[in-house]
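The following report describes the internal packing and the strand and helix arrangement of one protein chain. It accompanies the sequence and the coordinates shown here.

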Amino acid sequence: MKRLLTTAAMVAVLGAGATMATAQNTDPMNIVFTHHSSASNPFWQAVKKGFDDACGKIGADCQMIFTQTEGAIDQQSANMLAALAQQPDALLTSIVDNTAFDDMIARAVDQGITVIAVNVDDSEGAAGNARAAFVGQGFVAAGQSLARAMAENFPEEGPIKAVIGISAPGQNWSEQRGQGVREGLEAWAEETGRELEIVRLDTGTDGAVVADRVGAYLNANPDTTVYFDTGLWHAYVAQQLADRGVEPGKVLMGGFDIVSEVLTQMEAGYIQVQVDQQPYMQGFMGVMDAYLAHAVDLAPSDIDTGQGIVRPADVPALKELAAAGLR
């Protein structure tokens, strides 16, 4: 039977675990983290800080490997293959595609390497990939929560015309968040009897491209009520709207992740709702999951890093943390 450990228990065990690890294995752990994002993505800098801090606490030799191009699965695959050739004790990785990494991860597990999915999991979870556990957000539920929270800002009368921007078409995190937003909106419409139209727009993960694509759509469809991004790139749409002189709130906007530019645009009134998935926690607890498996033979545990709703009133308390790379 798989043994489960709560987040709080993991942290409590850390001190005792360090002594046990020293007794069992005097060599520091070697942990590699490969994922789908480039170093220019501010969200992943917060994941890296959590990763680095956790590695420092357990005295591990750690490396996080970014892709050159945002969302490039082929680059992530090549990085993972190179990393596994070093025979690390643990591999942390984001599983953004349901098949691309299956064979490599299965071989790694067969070789005794602990594999933890962090930030993105196979859409079928453990049934779809041999990874030991997942540390990250439940994407469909988070999308539903975003839609529900945003509905509080909808006009009291008239049809609602919503656009869902799929940042990375085909990738698990983006598709599942979009699915959740759609489901949340449809449930709201059924409950209220309001007229609802939903449009899917494939937008990308380059801020300038997203701003152009969504900006062009909004310009051609001025009756749009709300734009949902499945990432953080609506902050760039907000910049473009401000440059055009579009009044804050004319088009409601919401998305995912707490980074400095998003908080700036929330303060300015262009973004009404945001979902936090706690990137620092993802990096930190991914290491702890692997460490406890290595040090005291505890089966890695799934850790839900949450779907906290952030509104403009919350911004002052978060700005300093975001600037420090912790949120």
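## Cores, sheet and helix packing

In this predicted model, the largest nonpolar core comprises 73 residues, and those with the most contacts inside it are Ile31, Leu92, Met253 and Val287. Helix α10, which spans residues 279-296, gives the most to this core, contributing ten residues. Apart from it lies another core, of 22 residues, which includes Val181, Val226, Leu252 and Val275. As a general background, nonpolar side chains in soluble globular proteins tend to be buried together.

Met253 illustrates the surroundings of one of the core residues: leaving aside residues up to four places away in sequence, Met253 touches Met150, Tyr227, His234, Val237, Ala238, Leu241, Tyr270, Ile271, Gln272 and Val273.

An open sheet of six strands follows the order β7-β6-β8-β9-β10-β12, and its pairing is mixed. Its edge strands are β7 (196-202) and β12 (308-310), each of which pairs on one side only. On average, neighbouring strands of this sheet are turned by 20 degrees against each other, with direction ignored. Helix α5, residues 139-151, lies across β8, β9, β10 (273-276) and β12, and runs at about 155 degrees to β9.

Two parallel strand pairs can be set side by side.

| Strand pair | Bridges | Direction | Residues standing opposite |
|---|---|---|---|
| β1 (residues 30-34) and β2 (residues 61-65) | five | parallel | Asn30 and Asp61 |
| β8 (residues 226-229) and β9 (residues 252-256) | three | parallel | Phe228 and Gly254 |

Between the strands β1 and β2 the chain crosses through helix α2 (residues 42-58), and this β-α-β crossover is right-handed.

How do α2 and α10 cross, and within what distance do their axes come? Two packed helices are described by the angle between their axes and the distance between the axes. The axes of α2 and α10 come within 6 Å and cross at roughly 35 degrees, and α2 passes α10 in a right-handed crossing. On the α2 side the contact is made by Phe43, Ala46, Val47, Lys49, Gly50, Phe51, Asp53, Ala54, Cys55, Lys57 and Ile58, while α10 supplies Pro279, Tyr280, Gln282, Gly283, Phe284, Val287, Met288 and Tyr291. Val287 thus appears in two descriptions, as one of the residues with the most contacts inside the largest nonpolar core and as part of the contact that α10 makes with α2.

Definitions and conventions
Residues numbered from 1 in each chain as written. Predicted model: local features only at pLDDT ≥ 70, side-chain atom pairs only at ≥ 80, totals over all residues. Heavy atoms only, no water. Core = buried A, V, L, I, M, F, W, Y, C linked by side-chain atoms within 4.5 Å. Buried < 20%, exposed > 50% of the residue type's maximum accessible area, 1.4 Å probe, protein only. Helix = DSSP H or I, 4+ residues; strand = E, 2+ residues; numbered from the N terminus. Contact = heavy atoms within 4.5 Å. Pairing = 2+ DSSP bridges. Right-handed = clockwise from strand over helix to strand, strands pointing away. Axes fitted to C-alpha atoms, helices over the stretch in contact; angles between N-to-C directions. Left-handed = near helix turned anticlockwise from the far one by under 90°.
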